[in-house]
Amino acid sequence: MFLHAVSAVHPTQLVRRHVAVRDATTVVISGDDYVLPPGGRVIVLGAGKASAAMAKELEQLLSAHFPLQGLVVTKYGHGLPLQHLDLLEAGHPVPDARSVAASQRFQEIAVGTKEGDLVILLLSGGASALLADVPEGCSLADVQQVFQLLLASGAEIHDVNIVRKHLSQIKGGRLAQKIYPATLCSLILSDVVGDDLSVIGSGPTVPDPSTFADTMAILEKYELLPQVPASLRHHLDSGVAGRIPDTPKPGGEGFSHVHNYLVGTNRIAMQAAAEKARSLGYHPQLLSSATTGEAHTVAAALVQAAIQYNGPRPGCLLMGGETTVHVTGSGKGGRNQQLALAAAISLAGQQGITLLSAGTDGTDGPTDAAGAIADNHTLQKAAAMQLDAQQFLQQHDAWTFFSKAGGLLITGPTQTNVMDLMIVLIE
């Protein structure tokens, strides 16, 4: 069911569904015609975990009709061979020097565009780290420290990306302004709850309603401000004081040339999982595609829903979204493995319930696993190996637990990213 869901939101499916060529001068995107005038170029930019696969499919569709040029940046290990576009792999979830180089090249390409050009942006989750800036007077180490603080804080992605936008010259609508007056079309895979375009990839093509003051409030909310390097604190203070221009706001100029297309969502993946469940004889029930909250809290609620299930059997509960983990331990894992471990503890003694929680991108946190699978046998195996599940949970060391007790789901990079899926089978 999980793999069928991932396949439904793979770029091969999505790009071909939304892009076509009408004739020698016309590209069709989601039913809209974009006619290139004489001298007009097709320029492709891509950023995110799915961007290489999106670019490869776009090359196959367009390269026979239009000369292509541009740059795609993706996470290490997610690259694919491209024939016409440059490819760069960079750091994620913490940016590195190649992330900064990618951002600089994006900006150079953007300011080199002209009226009559068609710029196609392939945007997916991960772009916020893969395109990173170092504000004047700051260092990459400063930026990396803030990214790490945010990741460990348990902050929701909406808040995280507000901070990221205000450390960047490309996010929060600034890329769109640099591309103006060329036509800009974005094909977007959503990895955020609610599919808010201003949040996905930190919204490089969308006006930004947030401010420097909001950024400071978020850092205070998660008690991170004292840990922010002095150089970045000075940058943010300058923004609050108006010495640095804020991100472009809704209603401002410079976005009339922008056309954003949401082509892949968690809901599409969930519906595909439900379709596969029915074909296997299960009775699927879609709970939510907008799940948020601490992983252990969501796990408890999902297990209770399975225990209290009174529908036709075998049953299948489907949930999607993105949980958070406030990391205090020193272990290794990701939010899906943490959720599955918490669920395993709650499933002790419960017969006939199996839970999977995994990221559709194939990578959960800084591990080689997409997530994990748990049932009432998980703790039995752990006990036989003298593994204290509760201790592993508290240390945020779910990967180590499942690597010993069994249950890791390892798919490798899937070349897509529409948040996480949680599937519960009830016998």
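Which helix do Arg 233 and Asp 237 both lie in, and how many residues apart are they? Select the two of them to find out. Keep in mind along the way that this is a predicted model.

**Stop 1: Arg 233 and Asp 237**

Both residues lie in helix H10, which covers residues 230-240. They are 4 residues apart, about one turn of the helix. Show their side chains and you'll see them meet in a salt bridge, at 3.5 Å from N to O. Arg 233 counts as partly exposed, at 32% relative accessibility, and Asp 237 is also partly exposed, at 31%.

**Stop 2: Glu 57 and Arg 16**

That salt bridge has company: the structure holds 12 of them. For another, select Glu 57 and Arg 16, whose side chains meet at 2.4 Å, N to O. Glu 57 sits in helix H3 (residues 51-62) and Arg 16 in helix H2 (residues 11-18), so this pair ties together parts that are 41 residues apart in sequence. Is Glu 57 buried or exposed? Glu 57 has a relative accessible area of 6%, so it is buried. Arg 16, on the other hand, counts as partly exposed at 44%.

**Stop 3: Lys 114, Asp 117 and Arg 41**

Next, pick Lys 114 and Asp 117. Their side chains form a salt bridge too, at 3.3 Å from N to O. Lys 114 is partly exposed, with a relative accessible area of 39%, while Asp 117 is buried, with just 1%. Now add Arg 41 to your selection: Arg 41, Lys 114 and Asp 117 are linked in a network of salt bridges.

**Stop 4: helices H7 and H9**

Time to look at whole helices. Two packed helices are described by the angle between their axes and the distance between the axes. Select residues 157-165 for H7 and 212-221 for H9; their axes come within 9 Å and cross at roughly 130°. That angle makes H7 oblique to H9. The crossing is left-handed. Which residues of H7 and H9 make the contact? From H7, colour Asp 159, Ile 162 and Val 163; from H9, colour Asp 214, Thr 215, Ile 218, Leu 219 and Lys 221. Sorted by type, the residues of this contact are 4 nonpolar, 1 polar and 3 charged.

**Stop 5: Glu 136**

Finish in the loop between helix H5 (127-130) and helix H6 (140-153), where you'll find Glu 136. At 81% relative accessibility, Glu 136 counts as exposed. Now select Ser 231 as well: Glu 136 and Ser 231 are 95 residues apart along the chain, yet their C-alpha atoms are separated by 8.9 Å.

Technical notes: Residues are numbered from 1 along each chain as its sequence is written. This is a predicted model: local features need pLDDT of at least 70, side-chain atom pairs count only at pLDDT 80 or more; totals for chains, interfaces and linings use all residues. Side-chain values use heavy atoms; hydrogens and water are left out. Axes are lines fitted to C-alpha atoms, for helices over the stretch in contact, and angles run from 0 to 180 degrees between N-to-C directions. Helices (H or I, at least four residues) and strands (E, at least two) are DSSP runs, numbered from the N terminus. Angles under 35 degrees count as roughly parallel, over 145 as roughly antiparallel, 65 to 115 as roughly perpendicular and the rest as oblique. A crossing is left-handed if the near helix is turned anticlockwise from the far one by less than a right angle, and right-handed if clockwise. Contact means heavy atoms within 4.5 Å. Ala, Val, Leu, Ile, Met, Phe, Trp, Tyr, Cys and Pro count as nonpolar, Asp, Glu, Lys and Arg as charged, and the others, Gly among them, as polar. Buried means under 20% relative accessible area, exposed over 50%, partly exposed in between (1.4 Å probe, protein chains only). A salt bridge is a side-chain nitrogen of Lys or Arg within 4 Å of a carboxyl oxygen of Asp or Glu.
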